[in-house]
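Okay, thanks for coming, everyone. I'll put the structure up and then walk through a few places in it.

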Amino acid sequence: MNNKTYDAIVLGAGQGGGPLALAMANAGWRTAIVEREHVGGTCVNTGCTPTKALVASARIAHMARNSHSFGVHTGLVSVNFYEVRKRKNRIVQDFRESSRQKYENTANLDLIMAEGAFAVSNGSGHSVQLRHQNGREEVIRGERIIIDTGSRAAVPTIAGIDQVEVLDEESVMELEKLPEHLVILGAGYIGLEFAQAFQRMGSHVTLIEREEQVLSNEDADISEEITKILRAGDVKILLSSSVSRVEQVDKHIRIYVDCPEGNRVIEANHLLAAIGRTPNTSALRLDKVGVQTDERGYIQVDDHLRTNIPGIFAMGDVKGGPEFTHIAYDDYRVLCDNLLLSNDTSVSGRMVPYTVFTDPQLGRVGLSERQAQQRNIPYRIARLPMAHVARAIEVGETDGFLKALIGADDQILGCAILGAQGGEIMSVIQMAMMGKLPYTTLRDAILAHPTFAEALNNLFSTIQD
């Protein structure tokens, strides 16, 4: 047993915890960063990086199959999933090793590959019990503990689910070959991205969603347009439908689905659950120190990311709220300000942009129309079909539309950009919102022609004053 003492211990080397550990070490703090398996967190290892690499391969296959519409003729297009996976893994490994080397080469920072859990604390600071990958155990102490252990895919509660193999976002990308028929439970961001990607690579895909629409938190017009686009790409979508039970039959999974039009039985080769996330808190032994969680296990924090126990903080997905890499990174900035600079920075009121990486993308920031109505906020709508955007016509990507909400004071309240480069166009609008520019500034700006961003001139010209 060891008793090393640190100024700060970070549990989890994710996209928030990693930069924070580096910042504290560079400030002269004796710092430990404890990681159970791989540095980089969900984003690098099982989330953003590998999934977007997969989506990129799927898009190339789709473009190759449709190149004839541009006057470019190719032969038979096939997808070698082994090579797709190999490319994805190479990118992940490069990102992972780059981060690891940075931690190992930083003074005052110890990278400890182990699983950490709270131990009973005596005196100042808190004790963390480590179980190393070789089974060795030790105890270290920290004046401050920052929890960044993230979340994992939730497992559905369905009769027979423990009798079949259920894939998650990580295991589905490690299959030896493409599924012949892939059934996906859940039509959120993850479900939609995988549905379109695997269909484009050659799988038959059925998407099952309990709610009345895909992306249940989005406005109905956004959901309806994405549904239309995916169905046009041969993804089968069952809405207002739930799975009552599953069973293994030879090499197939039999799935019993309750649909509005009646019960259905679907046979598939693989089943992917994309129904949400659950926090990685069960192994932390939070009860040893009394850290409070909600009913789902997410750690409760205040606007400064402090838990109810002095000296213990939480950041990233493990604290609940929007589970995006950029939010975890902003948590790092907040804690860096407060811990190292003694500021009073808060997470309250920050913008939460995000992009769904379907093709076309959905970029979102600020209020949706539904949210504005729920809050009784007056608004006007700016709306422009992508089919009216010159650049979209020229590159043959006219699916979707641009939509923005304008407040009574001409400020932009929010936007949803469903179209080619939707995330990039959304970011332009977000910067205008951050600078509190009226919509007329974008309407009247000289923007380079022909670009996608130039569509903002026309979008904001559709508002009727």
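Let's begin with Lys88: setting aside neighbours within four places in sequence, Lys88 is in contact with Pro50, Ala53, Met173 and Glu174. Keep in mind as we go that this is a predicted model. Lys88 sits in helix α4, which covers residues 81-104. So is Lys88 buried or exposed? Lys88 has 3% relative accessibility, and the cut-off for buried is under 20%, so Lys88 counts as buried. Its side chain also has a polar contact with the side chain of Asn89, at 2.7 Å.

Okay, on to a helix pair. In general, you describe two packed helices by the angle between their axes and the distance between the axes. Here the pair is α3, residues 48-65, and α5, residues 189-201. Their axes come within 8 Å, and they cross at roughly 45°. That angle is why α3 is called oblique to α5. As for handedness, α3 passes α5 in a left-handed crossing.

Who makes that contact? On the α3 side you've got Thr51, Lys52, Leu54, Val55, Ala58, Arg59, Ala61, His62 and Arg65. From α5 come Glu193, Phe194, Ala197, Phe198, Arg200 and Met201. If you sort the contact of α3 with α5 by class, you get eight nonpolar, two polar and five charged residues.

Next, Thr307. You'll find Thr307 in the loop between β15 (277-279) and β16 (312-314). It has 9% relative accessibility, and therefore Thr307 counts as buried. What does the side chain of Thr307 reach? One partner is the backbone oxygen of Ile312, at 2.8 Å. Another is the backbone nitrogen of Ile309, which the Thr307 side chain reaches at 3.1 Å. Not counting residues up to four places away in sequence, Thr307 touches Val291, Ile299, Gln300, Val301, Ile312, Phe313 and Ala314. So if you're clicking along, Ile312 turns up both as a polar partner of the Thr307 side chain and in that list of touching residues.

Last stop, Met351, in the loop between α7 (325-340) and β17 (354-356). Met351 comes out at 31% relative accessibility, so we count Met351 as partly exposed. Leaving out neighbours within four places in sequence, Met351 is in contact with Ile327, Val365, Gln430, Met433 and Met434. And how far apart in space are Met351 and Gln101? C-alpha to C-alpha, Met351 and Gln101 are 32 Å apart, with their positions 250 residues apart in sequence.

That's my tour; over to you.

How values were computed: Residues numbered from 1 in each chain as written. Predicted model: local features only at pLDDT ≥ 70, side-chain atom pairs only at ≥ 80, totals over all residues. Heavy atoms only, no water. Helix = DSSP H or I, 4+ residues; strand = E, 2+ residues; numbered from the N terminus. Buried < 20%, exposed > 50% of the residue type's maximum accessible area, 1.4 Å probe, protein only. Polar contact = N/O pair within 3.5 Å; in protein donor to acceptor, adjacent residues only side chain to side chain. Contact = heavy atoms within 4.5 Å. Axes fitted to C-alpha atoms, helices over the stretch in contact; angles between N-to-C directions. Parallel < 35°, antiparallel > 145°, perpendicular 65-115°, else oblique. Left-handed = near helix turned anticlockwise from the far one by under 90°. Nonpolar A, V, L, I, M, F, W, Y, C, P; charged D, E, K, R; others polar.
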